[in-house]
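Reader: I am new to reading protein models. Could you walk me through this one, feature by feature?

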Amino acid sequence: MSMVGYEKHGSVAVLTVDNPPVNAMSPGVPKGICEGVARANAEDDVNAIVLIGAGRGFIAGADIRYFSLPWPDGEEKFADIIAAFEASPKPVVAAIHGHALGGGLETAMACHYRVIVPSARVGQPEVNLGFPPGAGGTQRLPRLAGVKVALDMIVSGRPLKAPKAAEAGIVDKVIEGDLLEGAVAFAAEKGTQDGPHQRARDIEIKLEDRSVFDAMRENIKRKARGMRAPYACIECVEAAVDLPFDEGVAREREIFEVCVASDESRAMRHVFFAERAARKIPGIGKDVKPRTIAKAGVLGAGTMGGGIAMNFANAGIPVTLVEQSQENLDRGMGVIERNYANTLAKGRLSQDAMDACMARITPTVSMEDLGDADIIIEAVFELMAVKKEVFAKLDAVAKPDAILTSNTSYLDVNEIADSIPGRAGNVLGTHFFSPANVMRLLEVVRTDNVSDENLVTTMAIGQAMRKLPIVTGVCHGFIGNRMLEGYFGEASIMIEEGARPLHIDTVMYEYGMAMGPLAVMDLAGLDIGWSKRKDAGGGVATEGRGAFVSNRLCEMGRFGQKTRRGFYVYEEGSRRPVPDPEVDQLTLDAAAHYGLEHREFNDQEILERCLYPLINIGADILHEGHALRASDIDLVYINGYGFPTWRGGPMHWAGTVGLNAVYEKVCAYHETLGFDHWKPSPLLKKLAEEGKTFEDYDKEQ
């Protein structure tokens, strides 16, 4: 069956791409389009052609699978479509709804004209997969939209909505009514006009100030550090300005092919497919549908609870927000309103949208007001006794089928579920990341007895909130924080041995992390770990390796950025960390306390000792079944902990290093250092000995 339909509407041939779910440019689509164009040009009663997509969009772009797979022999390719359009004496009109992204926009720009519905978007997001557009997008877009608009779109990957696309000259007309009807009428009119019809390739590029290229390089310097693709995009647009069209296309293709073959692009494509895999829960079929959530409840109006309430409101779900006192409730609602007002001031939200979101949040000091909620999330203090007390109260007021979730970072959610045995199938964990209204990651903690329906429902709620929900099993710290203890712990241990905080953080920042581990601890607050160590020590902070300096800093009232003193000093109004000789002295005191000799560290050892525990602990989590797949672990670290997307996550990156090399170092560090996070994972050992990667493991499951 052809992936491209052919119909005649009067004098207009309509080619309909039908390759669900997103009309990707898979093998068969170029063939169908080329055959349709040839047929239309051969029929005397046809004077114009419309290309449109079936279903929810035009053409989403290339089929990304075929960046790693060979294209079938003899099959028409993308270049054949473009050649067919540009050689067609009859005008070809792209009719865009939903989205025309990447190869979809390149297809549309090769047509003579473009029409679009008001809600549609166009863009060149290839940079998010580690390469520039490769089918003329960097050459045609500057000719249609101008260099500045095109450069911003291609380098950022951000799409434009239809009105902006029309304003920029990317599309010729916005169709307010039925798209097909409007496109056919537009094409019929153009078909009566004498040719040749305008081709994007023939438009002259005008650029008076070449400084836009250097300005863009400077603008992306921080965000794109370590990356190749954003700079490759700039080079391609420069080629559009400097070279004749065909030479520019050849230069674009040369740069594209180098980027596609890079570790950076392979990593970003890994992330792309990982996000799609994360939606699937093995053992739960498509017949298990999420429940309808008409109303939600949140217990606790602090930083986390307020952010979670905002997530429900943003998703269009009315939410009751409960606090113990009116004072705390008013404070929490004030923070919520200020958060929305800040978004409004930045132009990311309209006043009407803000008012609608605020209206969906009902503040109260009465827990009984949660009685009609379909799901209730508690966001109270991180102590098991407090959590159990709260769930006992919820058990008394919530309706029998309400989903009850704990926003916990570390605690045993099975123990919480067991405390209200009559509701065990309705209890699970939802670990939001701070700030909850901003951070994309959501760990959905699957308890032993939660029903499939309630798990699927909670995942669906996360998606409605525009989060990335990842299923995790019940274990200390779940996926992210369990691994983080090795990362933070090893950084803290190294400073006792002589590594300077700024050296550690600089190495990790240059690797691509958003911040180094010690700077992150300062940002989060050193008092959080100190409190846990005091709880574990019965009121006196425990002092194992890695805790000495942090304990002393907290005893001095140096809790990090909140007090402008932690591992670093922070000037008033600044978040820039400044090294402090007082901390250097504490590291010497720690060395004396543990009988260690300070020594110099090289960058490679710092990198290994920070990152290899992540890989080793991640392998244990995977081996124990607390993560469904290694790629889920990668997504957790990219979206919750600032791991660079272009590295693909710790588990993917380990494969580029070689698991055998990682395993040998883990064994060596375990022998010399002896800490639990260096105890070699059985799964890491097995895969290393078999010459496999974590991606191989995922495929085998």
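Reader: Let me start with one residue: what is the place of T320?

Author: T320 sits in strand 11. Helices (H or I, at least four residues) and strands (E, at least two) are DSSP runs, numbered from the N terminus. Before we go on, a word on the source: this is a predicted model, where local features need pLDDT of at least 70 and side-chain atom pairs count only at pLDDT 80 or more, while totals for chains, interfaces and linings use all residues. Residues are numbered from 1 along each chain as its sequence is written, and side-chain values use heavy atoms, with hydrogens and water left out.

Reader: Thanks! Is T320 buried or exposed?

Author: Buried means under 20% relative accessible area, exposed over 50%, and partly exposed in between (1.4 Å probe, protein chains only). T320 has a relative accessible area of 3%, so it is buried.

Reader: Which residues does T320 touch?

Author: Contact means heavy atoms within 4.5 Å. Not counting residues up to four places away in sequence, T320 touches K295, A296, G297, V298, T362, T364, D369 and L370. As for distances, the C-alpha atoms of T320 and M367 are 9.4 Å apart in space, with their positions 47 residues apart in sequence.

Reader: How do I read the sheet, and what is the order of its strands?

Author: Look for pairs: two strands pair if DSSP finds at least two bridges between them. Here an open sheet of eight strands has the order 12-11-10-13-14-15-16-17, and its pairing is mixed. Strand 12 (361-364) and strand 17 (468-472) stand at the edges with a single partner strand each, so one side of each has no neighbour in the sheet. From one strand to the next, the twist averages 25°.

Reader: How many bridges join strand 11 to strand 12?

Author: Four bridges join strand 11 (residues 319-322) to strand 12, and the two run parallel. To find one of these places, look at V319, whose bridge partner in strand 12 is I361. Helix 15 (residues 384-397) packs on the sheet, touching strand 10 (296-299), strand 13 (375-378), strand 14 (403-406) and strand 15 (427-432). The direction of helix 15 makes about 165° with that of strand 14. For such angles, axes are lines fitted to C-alpha atoms, for helices over the stretch in contact, and angles run from 0 to 180 degrees between N-to-C directions.

Reader: Which strands pair with strand 13?

Author: Strand 10 and strand 13 run parallel, joined by four bridges, and strand 13 also pairs with strand 14 in the parallel sense over four bridges. I375 is a good residue to find: it is the bridge partner of A296, and its own partner in strand 14 is I403. Now follow the side chains: I375 and I377 point one way from strand 13, I376 and E378 point the other way, and all are buried.

Reader: How many residues of strand 15 are buried?

Author: Six of the six are buried, so strand 15 is largely enclosed by the rest of the structure. V427, G429 and H431 cover one side, with L428, T430 and F432 on the other. Strand 15 runs parallel to strand 14, joined by three bridges, and G429 is the bridge partner of S406.

Reader: Now helices. At what angle do the axes of helix 24 and helix 26 cross?

Author: The axes of helix 24 (residues 603-623) and helix 26 (residues 650-657) come within 9 Å and cross at roughly 115°. Angles under 35 degrees count as roughly parallel, over 145 as roughly antiparallel, 65 to 115 as roughly perpendicular and the rest as oblique. Helix 24 and helix 26 are therefore roughly perpendicular to each other. The contact is made by L607, L611, Y612, L614, I615, G618 and A619 of helix 24 with P650, M651, W653, A654 and V657 of helix 26.

Reader: And L622, is it buried or exposed?

Author: L622 lies in helix 24 and, at 3% relative accessibility, counts as buried. Leaving aside neighbours within four places in sequence, L622 is in contact with residues including A627, L628, I633 and F694.
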